[in-house]
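Please walk through this structure from its interior outward, keeping the sequence at hand as each residue is named.

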Amino acid sequence: MIIDRLYKRVKEVGNVCVGLDTNLERLPESFKRKFDNKTDIIFNFNKEIIDNTKDLAAIYKPQIAYYEREGIEGLMAYIMTLRYLKDNSLLSIGDIKRGDIQSTADMYAKAHFDGEFEADFITLSPYMGFDSIDPYLKYLEDGKKGIFVLVRTSNPGAKDLEYLEAKSLPIYNYVGDYLAKIGKDYMGECGYSSVGGVVGGTHTDEAKEIRARYKNMFILIPGYGAQGGTAKDCNLYLKDGNGGVVNSSRGIIYNFQKFDDGEENIGHYARMAVLDMKKALEENRG
């Protein structure tokens with residue numbers, strides 16, 4: 001199953017998820033001049049990051065908004081990036097955060113699991129109702145796909161909704177409980193489900209409770225680095241060093257901006273950032 005592949009990958013190389021939030025405006029002019037169009041610029045930047053970190057990263061997560069912003073050319077780069085990851089036997093998360101009525105969700109599921117935007121995992125938002133998740137589940141039945149559903153996110157506004165209480169439980173626990181329930185039908189040999197959760201690494205007060213409550217939930221942990229999450233914080237959501245991947249985007253792909261020779265060594269400095277992150281996670285493991 002796909003979750004077993006991810007579990008095994010984490011065991012082999014660690015917990016780093018490289019977020020490919022590629023913003024054309026932040027790329028060096030010297031790099032952009034090498035290519036004729038936006039598609040080639042974005043894809044080749046991603047390729048530079050991937051080629052220099054593929055032996056270190058557990059999984060890659062392109063955030064689709066950065067590609068949609070550039071129109072058709074950007075979406076072509078998104079497609080090419082996902083295909084390149086697949087061709088190199090690397091795992092991917094299409095960070096799309098979809099959440100809509102069933103008929104619309106059917107189309108999103110087909111596009112991102114069985115169409116040109118195909119990824120191994122995708123992110124979903126459940127806050128329109130749990131029936132917005134149902135259309136994706138049939139793609140998990142053969143074990144080849146997985147989902148990460150927003151449970152408790154890393155942004156400050158998470159408390160506007162996710163922390164509201166009903167029957168003495170915060171809403172994020174209702175979401176987590178539902179995912180744990182349906183996740184039992186998609187269990188891997190590793191003991192985790194292909195129905196995973198997104199739990200931000202910036203709010204740590206409830207971390208031990210969340211990990212204990214959802215023993216079989218593999219967690220995508222955003223918020224490391226630029227959003228304020230530390231290695232110590234993120235480790236609270238792991239179990240024996242596994243059971244989750246920790247995402248960093250800007251801190252990795254734009255690490256070159258910190259160095260005088262960075263524009264000529266984009267991939268090198270991305271690799272340095274991943275190595276530093278891996279070391280921090282390992283050294284702060286309880």
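The largest nonpolar core, meaning a set of buried Ala, Val, Leu, Ile, Met, Phe, Trp, Tyr and Cys residues joined through side-chain atoms within 4.5 Å, comprises 72 residues, and those with the most contacts inside it are Val 18, Phe 45, Ile 147, Leu 179 and Ile 252. Buried here stands for under 20% relative accessible area, exposed for over 50%, and partly exposed for values in between, with a 1.4 Å probe and protein chains only. Helix H13, spanning residues 266-283, gives the most to this core, contributing eight residues; helices (H or I, at least four residues) and strands (E, at least two) are DSSP runs numbered from the N terminus.

This is a predicted model, in which local features need pLDDT of at least 70 and side-chain atom pairs count only at pLDDT 80 or more, while totals for chains, interfaces and linings use all residues. Residues are numbered from 1 along each chain as its sequence is written, and side-chain values use heavy atoms, with hydrogens and water left out.

Leaving aside residues up to four places away in sequence, Ile 252 touches Val 16, Val 18, Ala 270, Ala 273, Val 274 and Met 277, where contact means heavy atoms within 4.5 Å. Apart from the largest core lies another core, of 19 residues, which includes Leu 6, Cys 17, Leu 91 and Val 245.

Turning to the backbone, Ser 89 has a positive phi of about 60° although it is not a glycine. Ser 89 sits in the loop between helix H5 (71-87) and strand E3 (93-98), and at 57% relative accessibility it counts as exposed. Lys 97, which lies in strand E3, also has a positive phi, near 45°, in a residue other than glycine, and with a relative accessible area of 39% Lys 97 is partly exposed.
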